[in-house]
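Colleague: Please take one part of this model and look at it closely. Keep it brisk, and give me the cut-offs as you go.

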Amino acid sequence: MPTDTLPNPEKNPAKSTGELIRLEQVTKRFGQNTVLDHLDFSVDAGKHVTLIGPSGSGKTTILRLLMTLLKPDEGTITVDGQKLFPASDKEVREVRKKIGMVFQQFNLFPNMTVLRNLTEAPVTVLGMSKDEAVERAKGLLDMVGLADRCDAHPAQLSGGQQQRVAIARALAMQPKVLLLDEVTSALDPELVAGVLDLLRDIARSTDITMLCVTHEMNFARDISDQVLMFDSGRVIESGPPEKIFSDPELDRTREFLSAVL
Amino acid sequence: MNWDWSAVSDFMPDFWEGLLVTLQILLFGSLISFALGLVWALLMRVPSRWVTWPVGAVTEFVRNTPLLVQLFFLFYVLPEWGLTFSALTTGVVAIGLHYSTYTMQVYRAGIEAVPVGQWEAATALNLPLRKTWTAVILPQAVRRVVPALGNYVIAMLKDTPMLMAITVLEMLGHARLFSQEHFQFTEPLTVIGVAFIVISYLASLALRALERRLAH
């Protein structure tokens with residue numbers, strides 16, 4: 001992807017219709033290891049984008065950069081017109097409000113009930129009233145099929161149930177973007193389908209933008225508007241799922257897909 | 001060896017007084033060490049050497065000098081600076097301070113044992129730092145460290161007789177005084193020995209109950 005054709009965001013600050021996320025020349029290194037190498041890509045609002053590629057190709061790193069869990073070594077990241085890095089703490093917090101993330105290991109708060117996991121942040125961060133937060137949380141738990149487990153603690157739930165709670169917890173913050181980081185990789189095989197069905201429903205019934213790292217290729221094919229194939233810290237190929245999964249341009253992509261499908 | 005039950009009953013009034021003092025030292029000393037240890041542990045995480053260096057130096061110094069020296073220092077030196085407290089208050093502060101340098105290590109380990117995913121989830125939910133500590137990290141860390149803190153309570157109990165050195169009359173102090181006045185050593189020393197076992201047993205029961213309550 002040639003970068004000199006990209007518009008300079010400094011000169012076009014208002015260009016936020018459509019485009020929600022933009023990475024420009026983003027480089028991330030861990031020690032000697034360059035995980036992302038001058039990466040460029042953008043995601044339009046409401047789109048579902050799936051990142052595929054071999055382990056260690058930098059897919060998860062992108063999600064972690066967007067969630068501000070990591071800082072890039074070079075390059076700029078823009079979310080909804082607001083630049084991350086360099087940005088003040090306040091600006092970073094504003095951007096974070098627009099982004100929700102679901103983790104491979106669920107990361108529910110084990111010291112809180114399921115309900116409290118969903119209400120804590122809306123009350124503290126969004127300033128929602130306790131009653132409203134509880135009502136919304138119950139609605140979300142109903143949506144993920146766990147309305148009856150409000151008072152349970154995460155340790156009392158199966159992995160699949162915990163991950164569904166984690167999805168509900170992310171949605172409780174009403175984010176514009178949902179980052180899904182290999183959300184079924186830690187689940188027992190028989191629990192994967194329930195979580196993926198839930199995500200398909202969310203993809204279909206909401207206008208939330210999704211950025212998804214997954215090894216579930218059928219799921220990627222179902223929900224994606226665009227698939228990005230990563231290798232060695234770069235996007236080597238991108239396109240609609242029909243194209244990438246059925247007729248990829250590159251041998252490297254074909255090789256990867258034949259190994260995982 | 002002649003066991004004289006009447007010596008036991010003669011000692012009882014003094015024993016109750018001593019017991020009360022021992023329990024006060026243990027209770028307030030524990031509370032100080034729990035609170036101060038947490039403060040030290042949190043200060044050591046402030047990302048500035050201007051904070052961590054002095055805190056580290058002071059706590060290292062206190063941990064590596066004998067409690068007895070600290071007791072004497074606070075008892076005899078502070079009044080020279082115009083700070084006068086009762087012997088009991090001085091002793092409680094000294095033992096609490098001394099043990100806080102151990103409990104800080106316990107808290108540190110407990111905090112570090114909280115999985116990094118918990119911090120990440122708190123960031124992803126945009127929780128403010130203070131809320132992340134109070135609602136997410138500390139509740140999980142404290143639950144992990146209760147057993148280790150309990151061990152220090154027992155250790156502190158066994159150090160309470162040191163306050164005798166600064167004239168605090170706790171159980172051993174009373175037993176010694178009684179022995180010297182009545183020339184009967186076996187009974188008062190046995191009574192307080194049993195009392196120490198009973199207190200540590202009850203303390204460990206209480207801590208186990210607390211552990212169960214904090215389990216989730």
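Modeller: I start from the records. UniProt, in an unreviewed entry, places the feature "transmembrane region" at residues 20-43, 81-99 and 189-210 of chain B. Its positions use the numbering here, feature names are shortened, and annotations may be inferred rather than shown by experiment. This is a predicted model: local features need pLDDT of at least 70, side-chain atom pairs count only at pLDDT 80 or more, and totals for chains, interfaces and linings use all residues. Residues are numbered from 1 along each chain as its sequence is written, and chains are lettered from A and ligands numbered from 1 in the order in which they are written.

Residues 20-43 of chain B are 100% helix and 0% strand. The end C-alpha atoms of that span lie 34 Å apart. Residues 81-99 of chain B are 68% helix and 0% strand, with 24 Å between the end C-alpha atoms. Helices (H or I, at least four residues) and strands (E, at least two) are DSSP runs, numbered from the N terminus.

Now chain A. For "domain: ABC transporter", an unreviewed UniProt entry lists residues 21-257 of chain A. That stretch of chain A is 39% helix and 26% strand. Its end C-alpha atoms are 26 Å apart.

The part to look at closely is strand S7 of chain A, residues 177-181. S7(A) belongs to an open sheet of six strands in chain A, ordered S6-S7-S8-S3-S9-S10. Pairing in this sheet is mixed; two strands pair if DSSP finds at least two bridges between them. The edge strands are S6 and S10 (234-239) of chain A, each pairing on one side only. From one strand to the next, the twist averages 20°. Axes are lines fitted to C-alpha atoms, for helices over the stretch in contact, and angles run from 0 to 180 degrees between N-to-C directions.

S7(A) has a partner on each side in that order. With S6(A) it pairs in the parallel sense over four bridges. There, A:Gly100 has A:Leu178 as its bridge partner. S7(A) also pairs with S8 (residues 209-213) of chain A, in the parallel sense over five bridges. A:Val177 stands opposite A:Thr209, and A:Leu180 opposite A:Cys212.

How enclosed is S7(A) by the rest of the structure? Five of its five residues are buried, so S7(A) is largely enclosed. A residue is buried if 20 or more other C-beta atoms, placed from the backbone, lie within 10 Å of its own, exposed if 12 or fewer, partly exposed in between. Both faces of S7(A) are covered. One side carries A:Val177, A:Leu179 and A:Asp181, the other A:Leu178 and A:Leu180.

Helix H5 (residues 159-172) of chain A comes before S7(A) in sequence. Its 14 residues should span 20 Å at 1.5 Å a residue, and the end C-alpha atoms are 20 Å apart, which agrees. The expected span is 1.5 Å times one less than the number of residues. H5(A) is mostly covered, with 13 of its 14 residues buried. Just after H5(A), A:Gln174 takes a positive phi of about 50°.

A:Arg164 sits in H5 of chain A. It counts as buried because it has 28 C-beta neighbours inside 10 Å. Leaving out residues up to four places away in sequence, A:Arg164 touches A:Val144, A:Gly145, A:Leu146, A:Val195 and A:Leu198. Contact here means C-beta atoms, placed from the backbone, within 7 Å. A:Arg164 and A:Gln82 are 82 residues apart in sequence, and their C-alpha atoms are 30 Å apart.

Chain A also holds an open sheet of four strands, ordered S2-S1-S4-S5, with antiparallel pairing. Its edge strands are S2 (33-44) and S5 (82-84) of chain A, each pairing on one side only. Strands S1 (residues 19-30) and S4 (residues 74-79) of chain A run antiparallel, joined by five bridges. A:Thr27 stands opposite A:Glu74 there. Helix H1 (residues 59-66) of chain A packs on this sheet, touching S1, S2 and S4 of chain A, and its direction makes about 115° with that of S1(A). H2(A) packs on the sheet too, touching S4 and S5 of chain A, at about 110° to the direction of S5(A).

Last, the contact between the chains. It takes 21 residues from chain A and 16 residues from chain B. On the chain A side, the elements giving two or more residues are helix H2 (89-97), strand S6 (99-102) and helix H3 (114-124). That side has ten nonpolar, seven polar and four charged residues. Nonpolar covers Ala, Val, Leu, Ile, Met, Phe, Trp, Tyr, Cys and Pro; charged covers Asp, Glu, Lys and Arg; the others, Gly among them, are polar. S6(A), the partner of S7(A), is thus among the elements on that side.

Technical notes:
Two residues are in contact if their C-beta atoms, placed from the backbone, lie within 7 Å.
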